[in-house]
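Here are a few exercises to work through with the model open in your viewer. Try each task yourself before you read the solution.

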Amino acid sequence: MDFNRLRNIISRYCAGEENWVDSRTVYIGHKQPPPGAEAYIPQRYPDNRIVSSKYTFWNFIPKNLFEQFRRIANFYFLVIFLVQLIIDTPTSPVTSGLPLFFVITVTAIKQGYEDWLRHKADCSINECLVDVVRRGKAARTQSRKLRVGDIVVVKEDETFPCDLILLSSSRQDGTCFVTTTSLDGESSHKTYYAIPDTMAFRTEQEVDSLHATIECEQPQPDLYKFVGRINIYKEKEEPVARPLGAENLLLRGATLKNTQHIYAVAIYTGMETKMALNYQSKTQKRSAVEKSMNAFLMVYLCILISKAVINTVLKYAWQWSPDRDEPWYNHRAENERQRHVVIRAFTDFLAFTVLFNYIIPVSMYVTVEMQKFLGSYFITWDEEMFDEELGEGAQVNTSDLNEELGQVEYVFTDKTGTLTENNMEFIECCVDGNVYVPHAICNGQILSAASSIDMIDSSPGGYRREHEDLFFRALCLCHTVQVKEEETVDGIKKGIRQGRPTSFYISSSPDEVALVEGMKRLGYTYLRLKDNYMEILNKDDEIERFELLHVLNFDSVRRRMSVIVRPSSGEYLLFCKGADSAIFPLVVSGKLEQVKARVEQNAVEGLRTLCVAYKKLSEREYQEACRHLTDAKLALQDREQRLAQAYDVIERDLVLLGATAVEDRLQEKAADTIESLHKAGIKVWVLTGDKMETAAATCYASKLFRRSTQILELTKKRTEEQSLHDVLFELNRTVLRQRSISGLSVDCLDFGLIIDGATLSAVLKPKQDVAGHGSYREVFLDICGNCSAVLCCRMAPLQKAQIVKLIKASKEHPITLAVGDGANDVSMILEAHVGIGIMGKEGRQAARNSDYAVPKFKDLKKMLLVHGHYYYIRIAELVQYFFYKPLYDTAYLTLYNISFTSLPILLYSLVEKHVTMETLKREPTLYRDIAKNSLLRWPVFLYWTCLGVFDAVVFFFGAYFLFDNTTFTSNGQMFGNWTFGTLVFTVLVFTVTLKLALDTHYWTWINHFVIWGSLLFYVIFSLLWGGIIWPFLNYQRMYYVFMQMLSSGPAWLSIILLITVSLLPDVIKRVLCRALRPTATERAQDGDELARDAAAEPPSRGAREGASVDPSQPRLGAVETLSLRVSDPLAQKLWARPLGPPALRLSGAGVAFYAPGPETSV
């Protein structure tokens, strides 16, 4: 709930709407404005305390209990426990109270510990020391004691304690460098500016002498938007008003870099900071398994109520005759006779409910929680997903979705930094159609950097030389790059050559650094920004100085940035660079067609392109531009819109100079990962902000699109030629026609769809229909459903989340996974069923907001195909097993699910491997066997339920008929009810445990210890509880019962016979299904067994006689198996070449070769 918004609404109604203002006034240093300036209105703001914890010492118990009993299972067992306390029931309240207490206590301890950690983190932040200027001196105080208006001193590598307005810095130009990794995920350095009137302050005394107020907007969560104005009061002078924007605002959580210290004033504190307003607790994601558990629980609850109703009716039907209503051995008390029959029936109904409530296993929930929590460590311990460069491995931020990794049907991935390395390298530039490549090879020699190379014309003319110089100067000036000349940045040594520190570049955009470095390799070096003058070194080794007048910042809407500079000649120049779609419409001259052709060619090759243009401004045009910019920057209302309008007025009638090409290489094994996901039946979508051509080239390189893929375009360009209605109808008709053909033909055409952000916005608009085909979005989903891959380009972050939400809400309700590395991917990561963050170069915002974090995109293959597969198989077996386990003495009832049978299934759900990891990675198609929650569907659930009913019938009636005639023990005593019940319970415990042993494929010493140890524990406990070992524990109903049963030979025979009969149907069913209709997983298990058998066989006769083996021929591992389709080239080569005496198996999955030999990867 947004308490800040609620507070604002209350304030509006309390103060009156007419008195409400959307701005605040901050008095710097808590100084009142001079008389006559403005009225002094003291305002109350929150302190700087941050609270992220959920509980307090006083509300933990009631609040935690309330949250836990909101779960239907916990509330149900609470009701049962209370019923046992209130009425006379067949079982003790301990039987349901003890397991419930155990579950509630364990959960409360876990949640309390997690909240205690949050309290510790809050205290460490709130109590950290901060320097505050008071009375001309810096004083240390705790962060929580900061107030709005305090002047704060922040030193290098310190984190900003609240939202601040920069007043001055240790740098002469009044700038400072900041990293905002914890806010927006961007790890690059950003530049912030002090206003000119305060940037000269160097000491605490000078800063404390400032007499000013700040008018700014009320706290807003938008990190990139800030509108304000500072009013500076000077003696005997008029107040000076300066605009404040996002470039002056230092956000809490950001870190000061490469600047010794700064002075800044606090404007937003505590929970009103932008970081706190952006804090969004993750919505509770529920896995498909959890939903199935709840559905199964409701079925068993209905069964329980039905049993209680039926038994209540049968009881009163039995007691209808007077002689049965009150037999001689069970006389009712007088008050019982006087109670109304409805009350008596309701009491009996509750008693039967309590008696049968054990079919709902309360321990299942705590076992599932333990399995998820402990199982998550296998991901963090996986050495294959450890990245040496980062020094980190995979991380698990939530363990509730482990099994969901095995159910993914759609993967939505970012491109830059996720599929690619986000390591930009300058490749070439094109000036008026002439291409320049740094360090190009010509006639076998590498040309020097300054010489560049003209790939088209070797005799430049005057006009071309002028455009060439302008182009290179534009790239050296139109950027936000800063020059770092020290030896280290963030503790990392950089720029050291021959023992001497040299300069290098830092920027918020890796593209800008690549472009400036590329210009340096081509002979134009950007030196520095000093006293508002930018200096460059041209290829003639001459230093040129340009006065930086205005910066028209880049934004995602304009997709371009500009600078206005003045060289020593005194003329005004505007340089503009941006996306081709943002530059070409503004161009009025230049070689547009030649540059456009080169841009398209580079985009097809997967390169990131930018276009460069310029414009000469007259004195009148420059003054007009200054007026537009000043008016827009001083506006407190709609400042962004007015700035955008001013930029549009200034950036027009440009002259095109050329374009650049930067490469962002594909990540290691990205193509192999996508190919494996395709084989697993997972559809992969790429959501990116890049242009279509660049993104499409990356999709081809990563094997998302194949050369045989027929590309369907749903782009703005096509919808301009045809209406959106016609394009959707045509594409839908194309895929439907192919769907009908594919049913008759073996060769099915592969479709790939490309859609851009503008068209997506039109598709998602409500109330738009295609005649006879439903709404636009329904037609769009139908088209996407018939495409193997989809590329969404020119996507805004919000549109990424909309795409994920659209697929989630489709008819099939597929399980979605989103993976990204930047702050712009957080929205889709939070929207998807499973979110995975890449620990990339764009910071850790995505990794922190995700459910899982991995170093590289390639780790996705093992996360889904191996870990996800294992987790789903294990927990599906665990859930069905708990519902299958079909009780009588109080202690046995209490310990049945907690001790006797829970530990073996818990261990099974942690370590079971039905097939080897190598097989799962080699055969991605095995993932299809578990798709769409196949192991927890209703038919499977009904099979397990029927199996449980069958076993229960065998246990009870089998024992009943076997002991129909009175059975005597060795001492001549007869079997009684408790001995009969103990025999049935013994058969039950051994049957469910041995069934688990039959289901186990991966045996280790700990499996043997737990499975056989649990049976041994049952026997020892029964002897102990029966008073054999400790006679003082003689429980009156169970005393000596277990030993009496064991003394009977027929009892031993009955136990063995009943266990065998109970397990027989399941064994027969498995054998028949495996022989008649084996699944791909079962065939893979057979392959693993054959491989192990082959490894155990002695070498062939030829090998024993010393036959030589060609080392060039592929050899298959003794344990590994290679499964290939005959149509694959490698399979054909292996088929044609002799492999010695291999074992050969033919199956529907392909051809598998098994041969003894050392383990070798093929």
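**Exercise 1. Find the helices behind a cavity.**
Work out which helices supply at least two residues each to the lining of the second largest cavity, and which gives the largest share.

*Solution.* A reminder before we start: this is a predicted model.

Step 1: Pick out the helices. α4 (94-126) and α12 (363-375) each bring at least two residues to the lining of the second largest cavity.

Step 2: Rank them. α12 takes the largest share of that lining, with three residues.

Step 3: List the lining. The residues around the second largest cavity are Gln68, Arg71, Asn74, Val103, Thr107, Tyr365, Val366 and Glu369.

Step 4: Sort by character. The lining splits into three nonpolar, three polar and two charged residues.

Step 5: Add the volume. The second largest cavity comes to about 50 Å³.

**Exercise 2. Buried or exposed?**
Decide whether the residues of strand β6 (residues 175-180) are buried or exposed, and check its two faces.

*Solution.*

Step 1: Get the background. Of the protein's 1162 residues, 50% count as buried.

Step 2: Recall the geometry. Side chains in a regular strand alternate between the two faces of the sheet.

Step 3: Split β6 by face. On one side sit Thr175, Phe177 and Thr179, on the other Cys176, Val178 and Thr180, and all are buried.

Step 4: Conclude. With six of its six residues under the 20% cut-off for relative accessible area, β6 is buried throughout, so the rest of the structure largely encloses this strand.

Step 5: Find its partner. β6 pairs with strand β12 (residues 255-257) in the antiparallel sense, over three bridges. For one of the contacts, go to Thr179: its bridge partner in β12 is Thr255.

**Exercise 3. Walk across a sheet.**
Trace the open sheet of nine strands and say which strands stand at its edges.

*Solution.*

Step 1: Put the strands in order. The sheet runs β14-β42-β41-β40-β15-β34-β39-β36-β35, and its pairing is mixed.

Step 2: Look at the ends. β14 (395-396) and β35 (710-714) each have a single partner strand, so one side of each lacks a neighbour in the sheet.

Step 3: Zoom in on one pair. Strand β34 (residues 683-687) and strand β39 (residues 789-793) run parallel and share four bridges. Leu687 has Cys792 of β39 as its bridge partner.

Step 4: Zoom out again. The whole protein holds 40 helices and 45 strands. It exposes about 56000 Å², with carbon and sulfur atoms supplying 57% of that area.

Note on methods. Residues are numbered from 1 along each chain as its sequence is written. This is a predicted model: local features need pLDDT of at least 70, side-chain atom pairs count only at pLDDT 80 or more; totals for chains, interfaces and linings use all residues. Side-chain values use heavy atoms; hydrogens and water are left out. Buried means under 20% relative accessible area, exposed over 50%, partly exposed in between (1.4 Å probe, protein chains only). Accessible areas come from the Shrake-Rupley method with a 1.4 Å probe; for residues, only the protein chains shown count as cover. On a 1 Å grid over the protein atoms alone, a cavity is a set of points where a 1.4 Å probe fits but cannot get out, and a pocket is an open set with protein on both sides within 12 Å along at least five of seven lines; lining residues have an atom within 4 Å of a point. Grid points are joined across faces, edges and corners, and a volume is the space filled by probe spheres set on the points. Ala, Val, Leu, Ile, Met, Phe, Trp, Tyr, Cys and Pro count as nonpolar, Asp, Glu, Lys and Arg as charged, and the others, Gly among them, as polar. Two strands pair if DSSP finds at least two bridges between them.
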